[in-house]
Amino acid sequence: MDADRRLTFEGFSLDLANEQLVCDGEVVALTPKAFAVLRRLVEDNGKLVTKAELLHAGWADTHVTDGVLKVSILEIRRALGDDSGAPRFIETVPRRGYRFIAPRTRMPTVAPRADASAEPIGRAGLLAELEARLECARAGQRQLVFLAGEAGIGKTTVLDAFVARAGAEPDVMIARGACLEHYGAAEAYLPVLEALGRLLREPGSDRVIRLLERYAPTWVVQLPWLARPDDREALRRDLVGATKERMLREMSEALEALTADTMLVLVLEDLHWSDYSTLDLLGMLGRREEPARLLVLGSYRPVDVIVTGHPLRSLLQELRVRRQCEDIALEFLREADIAAYLGQRFHTPSLPPELARAVHQRTDGNPLFMVRVVDELVTLGVLVDQDGHWRLVGPLDEIASAVPESLRQLIDKQIGRLDLELQQLLEVGSVLGNEFTVPSLAAGLDANPLAVEDRCETLAAQEQFLAASAPFVRADGTAVARYRFSHSLYPQALIKRVGAGRRLRLHQRLGEWLEQTYGAQAGVVESQMARHFEEAHDYRRAIAHLRRAADGDVRRWAYGEAVALLTHAVALADRLPAADADAMYPVLLDQLCRVRRGLGDMHATLQTLDTLAAWARTRGEPTWEARAVLYRATVLAWVDAEASRAAAIDGMALSERVDDPVVRADAESHAIYWRLQDRGCRIGDMQLAEAAVGAAGDREILAQSKILLALVQRCQADFRQAARTALEGIEIARDAGNAYTYLFSHCVRVDALVQLGEWGAAFNAIDEGLRMANQSGHVHLASFLRSEAAALHSEAFDFTSAAAIAREELQRPSLTDRGRQSAMFALAFALLGLGRLDEAYSAFTAPQLVWAPEVASMAWPEHIHLRHGLGQVGLARGDLDGARREAEAFQALAATADEPMPRALAARLLAEIALEAGRLSEAEGFLREALAAIQGREAPVVAWRIAATAARVHGRQRRRAEAEAARRQSAALVTRLADSLPPGHELRQSFLKHPSVREVLDSPRTASRPRHRP
């Protein structure tokens, strides 16, 4: 038993196998008797060894005197270079014996496990806890610590690391054993005997053997290789009739004697398979109060203990109650731990973080599962070593299907231990998915739900395969029990046990049961029903449920999820018979393109519409082609105005060939919209827009028609009604789940509220619109809303904030042409307000605003904005001739349409130019035109400025009464605008502090002195 064993100290070592003293690789001569004496002294390092004990060690069968021992001691001292006067190795204890005083060092006698020296990932806190327990034991406070966790969670890895640390200390002895899975009665004390056997084969174990012989002779009999045959027979005769209680008492006392001055770590693994006698010993070790430098470390699987009714459970409960042990449950690894493992294993930081996230989701942080899954990814070629660097080259989707064969066999073995009913329950659960309700599981089993729930509760209580989830609450308020698989790998391994035919039948039965159970309230389980019918190859019903599930997602503004569902439905349509596929295909594509537009994905929306139009042309379906082309025109309006116009013309032409009233109403809406873009609003457009609303039978077309009507009402300066109509469009779009129409309606309503002077309500509408735009992912309409916010800041004279908002918007990479144009206008007017006239002029004439080859061919609304802005720039520069030319062009353009606001603004601009030039009568005439344009209109934002200009003109004419009346009118409107904002609002302050506003709020005596243009 001494093979490959050495006792080492200060450069020397005793080779026990060859009975040699070695120093720096060289053998130092010693007689056999001197070697035996030295061995005994080193083994009892630091302890007094009497002369009698040393004589017995070297001359057991020979009678000799103390003089012989002195000769051997002298020989040893010469070999070691020791001085009896100042000893380094052997100290003489007068008249009693000798003591070996040099510190001994530990030399490992067996190769450590491959990963014993590596720091276990994610277990630093646990190892620190065990180190603290070791220190308590070293102080004489015996410790019993149990590590609990399922198979593969890393109990052995933690024990390996801790034992490697503790075993490196020369004053710590390690005894390690493990229980074995058995069938029938287990051998008594098996793990303890294994641990003792390993300990007694360590260097310096003779003292332990002597202690066992003295304190625990009944245990020596259990280790027959310890004694000579004659001694063993004598012991057996002496111990005839020894009881279990005696063995327990002897081992307890032997361990206490051993650990009185030596630290012992006793490791017993897999106690869920332990024999009862070992548990009795653990109980006695825990209950005894005598001091002992003893740390007992045990490991076990709680599930196995519960399932088998193993008495370890009651022992742990008793020890915990008495605070005589510590029971530590190992936790699963976190995502960060898995990332650390990948970095440690592959020695590269270049692996993407998504890999660690995917492995964590796949394995739930079980270390064994993690290692096996990563091994499988290497085998599958998902992770590849390229020139010494590991890289992820395969799709992460491979992880979802990676179930290594070794893991599948492990799971199958665990399942095989269950009775047949529980196996069938888990198999049906795997068909349902990772999580399921008890009623659905009972439907699949065709069993009593109460009995099924009892079985699930049993498995969950035993932490075996299942865990309880929060109850599922049906639409009628009924709560039903719900369970989930404790690992995502379990259902994938279980589903392999279900034959193909049985699986089809189960899916069909479950899908039909869900339909019957939930009926019209099936919204929350639509996607589940779709999956079951798809797996049952009932594709028609699967598609129907996918469409309804997508509708539900849209109503929750989950557009990304809705796109995924509908894309899958389109793919399933290819599996239908040809006639059924032709009936389903256009409906699915139409629904898909509407959802994609709601998401703001213009490119994907156009692709879907092109696919729908091409399909309609090849099958001679002009109705679907017209719908696709008209819809395409709406989407193109964001990115290419000319292409949008061309598509609208094509769509309107196609609509003439169909009798579908919805298509015709949609075409008429497009016609009105483009007329607004081409030449502004005319009187007859209101009746056409109202007719389009009345003809729209489809709710989505109705919502779009409401937007168009609100636009016409806004153009005709009926801002109050425009805000109401836009709100109606918002409500219809919300009910229909149409994010695009909902957000576009918000934009129209915000503009109407700004012109009404209800600025606080406008800000609230902007915030609500942005919240929903962010939720749905519609970046384009979110951009419009932010540009509206910038324009509102300019109206309140907060030009700095307006410019900042517009600049930030122009930096966004996702900005469309329309969004860029809107943001550029906001920036240009803000720069104008800041007095940065050259920059303002550059902004107004930038390519982002002037798309067309020449200004005259711009869209009418944008052309109006441009002329107004350039006229104001000229006026601010003092270029009155240039300003007048722009203002007259502005007035001429406004005169081509029946829109009051552009006419009023053009007339007021001309009045300001005339006032600056000193042509007061001319200015007064333009003011009359401005007032006539908004006569009977609720337009305070424009009206206060016209009144302020009139006050200045009348003041210059020395018509004080009229000037004061105009000032008071302007002041009343200014106060109304300010009061629409909360008292502490920043825009209220910036508005009221602006000089043009202060001028109209000042006393009558200062009103006649013109100072600032509003």
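Trainee: Is Q721 buried, exposed or partly exposed?
Mentor: Q721 is partly exposed, with a relative accessible area of 26%. Keep in mind that this is a predicted model.

Trainee: Which helix is Q721 found in?
Mentor: Q721 sits in helix α34, which covers residues 719-736.

Trainee: And how many Å apart are Q721 and E421 in space?
Mentor: From C-alpha to C-alpha, they are 68 Å apart. In sequence, 300 residues separate Q721 and E421.

Trainee: New topic. How many residues are in the largest nonpolar core?
Mentor: That core has 189 residues. Those with the most contacts inside it are L426, W759, W944 and F991.

Trainee: Which helix gives the most to this core?
Mentor: Helix α35, residues 739-756, with 12 residues.

Trainee: What about a second core?
Mentor: A separate one has 46 residues. Among them are L193, A257, V305 and L312.

Trainee: Now helices. At what angle do α15 and α16 cross?
Mentor: Their axes cross at roughly 125 degrees and come within 10 Å. Helix α15 is residues 353-363, and helix α16 is residues 367-379.

Trainee: What does that make α15 and α16 to each other?
Mentor: Oblique, because the angle is outside 65 to 115 degrees and not over 145.

Trainee: Is the crossing right-handed or left-handed?
Mentor: The crossing of α15 and α16 is right-handed.

Trainee: Which residues make the contact?
Mentor: From α15, L355, V359 and T363. From α16, F369, M370, V373, V374 and L377.

Trainee: How many of those are nonpolar, polar or charged?
Mentor: Seven are nonpolar and one is polar. None of the residues in the contact of α15 with α16 is charged.

Methods:
Residues are numbered from 1 along each chain as its sequence is written. This is a predicted model: local features need pLDDT of at least 70, side-chain atom pairs count only at pLDDT 80 or more; totals for chains, interfaces and linings use all residues. Side-chain values use heavy atoms; hydrogens and water are left out. Axes are lines fitted to C-alpha atoms, for helices over the stretch in contact, and angles run from 0 to 180 degrees between N-to-C directions. Helices (H or I, at least four residues) and strands (E, at least two) are DSSP runs, numbered from the N terminus. Angles under 35 degrees count as roughly parallel, over 145 as roughly antiparallel, 65 to 115 as roughly perpendicular and the rest as oblique. A crossing is left-handed if the near helix is turned anticlockwise from the far one by less than a right angle, and right-handed if clockwise. Contact means heavy atoms within 4.5 Å. Ala, Val, Leu, Ile, Met, Phe, Trp, Tyr, Cys and Pro count as nonpolar, Asp, Glu, Lys and Arg as charged, and the others, Gly among them, as polar. A nonpolar core is a set of buried Ala, Val, Leu, Ile, Met, Phe, Trp, Tyr and Cys residues joined through side-chain atoms within 4.5 Å. Buried means under 20% relative accessible area, exposed over 50%, partly exposed in between (1.4 Å probe, protein chains only).
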